[in-house]
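Q: Please give a close account of a single part of this structure, chosen from its sheet, and describe what surrounds that part.

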Amino acid sequence: MWYHKPVINEELLQSLPNLKIVASSGVGIDHLDLNLLSSHGVKASNTPFVVSTDTADLGMALMLASSRRLVEGYQMAVSRDTEYFPADWLGTEVSGATLGIVGMGTIGYKVAERAKGFEMKILYHNRNRRNKEEESAVGAIYCKKIDDLLQQSDFVLLSVNLTPQTHKLIGKRELELMKPTATLINISRGLVVDQDALVEALQNKVIKAAALDVTYPEPLPRDHPLLKLKNVIVTPHIGSATKKTRRLMMENMTESIQAGLTGLPIPNEV
């Protein structure tokens with residue numbers, strides 16, 4: 001599967017009685033009905049580890065682009081209407097700011113490693129707390145309650161799997177807990193955020209800005225309000241989109257398929 005296609009449903013499985021494995025690209029498996037696959041004796045795999053470095057890089061890129069208003073700045077610099085650069089056109093500091101990471105898995109931890117280089121104060125919320133050595137290595141502070149993280153962070157970065165528990169994890173209540181100067185960054189799945197609530201929060205200055213690599217649907221309708229707000233950056237789900245990583249993803253999928261066909265243990269089986 002690439003970009004969640006083809007859709008694996010009952011009709012497809014009935015038409016492929018000899019199917020042994022579905023190898024899906026990327027880390028997310030929210031598009032797979034694992035119970036349905038299991039009922040047909042079909043195994044599944046993904047490619048979770050090869051995407052982590054590039055996705056963490058993109059998370060930092062979105063943070064920097066949003067805080068320093070790079071998209072707006074570019075548009076100003078190249079506009080035919082620009083006669084001068086205003087002296088009061090300012091961005092927000094990243095160095096020394098507080099970053100709250102929701103989801104400290106492989107990707108979230110790599111974001112923390114990068115943020116440490118910017119001397120950021122790092123908070124994180126996760127189902128399971130990291131060990132003290134891992135926390136110490138990046139200077140991360142565990143927040144048992146997500147509310148504590150939201151209230152303290154200048155940047156809130158989402159790096160969680162989409163599950164029933166994380167569906168619309170960030171809604172109206174959570175956005176209102178954030179600082180009015182805070183930025184929301186989403187590199188996980190669009191449905192982790194209530195988009196209607198996010199639009200309202202951005203329009204009413206409940207939070208300052210958002211930087212989103214993921215939305216729902218993808219792409220957004222061309223008249224969607226998120227595409228019209230100057231305090232929003234949207235990228236086309238490119239967390240893993242580098243030549244090296246996409247090649248490694250294909251290699252991982254091929255290895256899983258070969259193992260599934262020969263009865264060997266399947267790498268990254270889910």
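A: L212 of strand β8 stands opposite V234 in strand β9. The model is a predicted one, in which local features need pLDDT of at least 70 and side-chain atom pairs count only at pLDDT 80 or more, while totals for chains, interfaces and linings use all residues. Residues are numbered from 1 along each chain as its sequence is written, and side-chain values use heavy atoms, with hydrogens and water left out.

Strand β8 covers residues 209–212. Helices (H or I, at least four residues) and strands (E, at least two) are DSSP runs, numbered from the N terminus. From β8, A209 and A211 point one way, whereas A210 and L212 point the other way. In a regular strand the side chains alternate between the two faces of the sheet. A209, A210, A211 and L212 are all buried, where buried means under 20% relative accessible area, exposed over 50% and partly exposed in between, with a 1.4 Å probe and protein chains only.

Next come the neighbours of the strand. Two strands pair if DSSP finds at least two bridges between them. Strand β7 (residues 183–186) pairs with β8 in the parallel sense over four bridges, and A211 in β8 is the bridge partner of I185. The chain passes from β7 through helix α9 (residues 195–203) to β8, in a β-α-β crossover that is right-handed; that is, with the strands pointing away from the viewer, the path from the first strand over the helix to the second runs clockwise. Helix α9 lies across β7, β8 and β9 and runs at about 140° to β8. Contact here means heavy atoms within 4.5 Å, and axes are lines fitted to C-alpha atoms, for helices over the stretch in contact, with angles from 0 to 180 degrees between N-to-C directions. Strand β9 (residues 232–234) runs parallel to β8, and three bridges join them.

These strands belong to an open sheet of seven, with parallel pairing, in the order β5-β4-β3-β6-β7-β8-β9. β5 (140–142) and β9 stand at the edges, each with a single partner strand, so one side of each is left without a neighbour in the sheet. From one strand to the next, the twist averages 20°. Elsewhere in the sheet, β3 (residues 98–102) and β4 (residues 121–125) pair in the parallel sense over five bridges, and T98 stands opposite K121 in β4.
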